[in-house]
Amino acid sequence: MSWVKINGFTYVEARQVKKSQPNYFLLLVSTCQLTFGPTDIYATSGSHAQQFVASDFNGDGLSDLAVGTNAFSTASDVFLANENGTFGRRMTYAVVDANALEWLTVADFNNDNHQDIFIMIYGENNSVGILFGNSSGIFGAMIILPIVLSYVNSPCSIASDLNGDGHIDIVFTKSSTPCSMAILLGYGNGTFAAETILPIGHDGCVLSIAIADFNNDDHQDIAVTIDIDFYVAILLGYSNGSFKTPMTFSTGIYSFSYSMDVSDFNGDGYLDIIVANQGNYNIGVLLGKGDGSFRTQITTMIEHTNLVSQFAIGDFNGDGKMDVAGVWDVWSSVRLLSSSPTFVTVLVGYGNGSFGQQMIFPTGLASADYVITNDFNGDHRLDLAIGNFFGGNIKFVMLGI
């Protein structure tokens, strides 16, 4: 595969990396500002990768990886990080009664100060489960929770303390028909209260969920994009795990928003929302007013040949302003242009909710489907991890920026 090395904002070099191995991910780490570093390759246990997360699983201060795999192996692969930005051997944890592992969320669900993994699975019984971790980054057998999932177009879950009791709770997509999400309030011992189902949007929806305090009342709120309704819904929290009637904010007609994140994009101290509007080929930012409401969306157009459907946000060039790194996932590629090449797209933030120079990095991958950012080698520069799911290959690419 080809990668373009950049110095500043100028394309200056392309390099080749092995592409003959079917099941692996690649590691590139930062060497200088906005420059790709050397690569390492790691085998994974499956032939499809749905999603992955970074966290410190063994308490050594380094960012490890948990990878959800499907097909030949429906499992969660865990890679513990070394101090030099590489990863150790793979540890694979089977997911029971599953044809597909759809989503991972990491948090300490039993208050033992070790990170656990919440998993959404589809199989004989569509359900959710937890892998409980220990201080060495080792996980026990998955515990299935008494939850039944309906089919959802876009599995998603997120963890936070929604009712202020010091225990981690979970919000997850419940069903696409009827469109709904569900809340599990945690007891702090790895068990949960009966789920609360929140109907939202129209049937057939694709949802993306974020949790934050949007009105500065020290209570957690929920933001959810609803693609077929072309808006973001804000549910302000009451601090007891219940929420007010949703307020909605338009993402534009035919926007079909696909993913979402939260940060302060204009430096005013209030949280804003960013969405990938794949239907309109733009990135949209809703600037928060600090009271739970948002201003009219600001949009930055994306080239039609490199639609952004998933993204990660961070200050990639060190100027104190939030930037965006996005990929075009396989499902969007199949829907719109199956033969399209895949890219990593980086947009540099102006600090006012809009973005300037758009840098396009051809990956040479069959697909580039999911992206996260973290400092994987401890050099105080953000790196990217990019997952590839298509054609029987799994590749995770970490790009030093």
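A colleague and a modeller go through sheet pairing, salt bridges and a surface patch in this predicted model.

Colleague: What is the order of the strands in the open sheet of 4 strands?

Modeller: The model is predicted. Pairing in this sheet is antiparallel. From one strand to the next, the twist averages 20°. The order reads E21-E22-E23-E24.

Colleague: Which strands stand at the edges of the sheet?

Modeller: Look for strands with a single partner strand. Each of these has one side without a neighbour in the sheet, because nothing pairs there. The edge strands are E21 and E24 (298-301).

Colleague: How many bridges pair E21 with E22?

Modeller: E22 spans residues 272-277, and its pairing with E21 is antiparallel. Ser263 has Asp272 in E22 as its bridge partner. Ser257 stands opposite Asn277 in E22. The count for E21 and E22 is 5 bridges.

Colleague: How many of the 6 residues of E22 are buried?

Modeller: Asp272, Ile274 and Ala276 point one way from the strand, and they are buried. Ile273, Val275 and Asn277 point the other way, and they are buried too. E22 is therefore largely enclosed by the rest of the structure. The number buried is 6 of the 6.

Colleague: Which residue takes a positive phi in the hairpin of E22 and E23?

Modeller: E23 covers residues 282-286 and pairs with E22 in the antiparallel sense over 5 bridges. One of the partners is Leu286 in E23, matched with Ile273. The hairpin has 4 residues between its strands. With phi near 55°, the residue is Tyr281.

Colleague: How far apart are the closest N and O atoms of Glu195 and Lys174?

Modeller: Side chains of opposite charge can pair when their charged atoms come close. The cut-off for a salt bridge is 4 Å between a Lys or Arg side-chain nitrogen and an Asp or Glu carboxyl oxygen. Glu195 and Lys174 form one of the 2 salt bridges counted. Their closest N and O atoms are 3.0 Å apart.

Colleague: What separation in sequence do the parts tied together by Glu195 and Lys174 have?

Modeller: Glu195 sits in the loop between E15 (179-184) and E16 (196-199). Lys174 belongs to strand E14, residues 169-176. The pair therefore ties together parts that are 21 residues apart.

Colleague: Is Lys174 buried or exposed?

Modeller: Its partner Glu195 is partly exposed, at 24% relative accessible area. Lys174 has 9%. The buried class lies under 20%, so Lys174 is buried.

Colleague: Which residue forms a salt bridge with Asp379?

Modeller: The closest N and O atoms of this pair are 3.3 Å apart. The partner is partly exposed, with a relative accessible area of 32%. It is Arg381.

Colleague: How much accessible area do Ile253, Tyr254 and Phe256 have together?

Modeller: These residues form a nonpolar patch on the surface. Tyr254 lies in the loop between E20 (247-250) and E21 (257-263). Tyr254 counts as exposed because its relative accessibility is 52%. Together the patch has about 330 Å².

Colleague: What percentage of residues 128-152 is strand?

Modeller: The unreviewed UniProt entry annotates residues 128-152 as "transmembrane region". In the model, that stretch is 0% helix. Its end C-alpha atoms are 13 Å apart. The strand content is 28%.

Notes: Residues are numbered from 1 along each chain as its sequence is written. This is a predicted model: local features need pLDDT of at least 70, side-chain atom pairs count only at pLDDT 80 or more; totals for chains, interfaces and linings use all residues. Side-chain values use heavy atoms; hydrogens and water are left out. Patches are made of residues with over 30% relative accessible area and no salt bridge: like charges are joined within 9 Å, nonpolar side chains (Val, Leu, Ile, Met, Phe, Trp, Tyr) within 5 Å. Accessible areas come from the Shrake-Rupley method with a 1.4 Å probe; for residues, only the protein chains shown count as cover. Helices (H or I, at least four residues) and strands (E, at least two) are DSSP runs, numbered from the N terminus. Buried means under 20% relative accessible area, exposed over 50%, partly exposed in between (1.4 Å probe, protein chains only). UniProt positions are given in the numbering used here, feature names are shortened, and annotations may be inferred rather than shown by experiment. Two strands pair if DSSP finds at least two bridges between them. Axes are lines fitted to C-alpha atoms, for helices over the stretch in contact, and angles run from 0 to 180 degrees between N-to-C directions.
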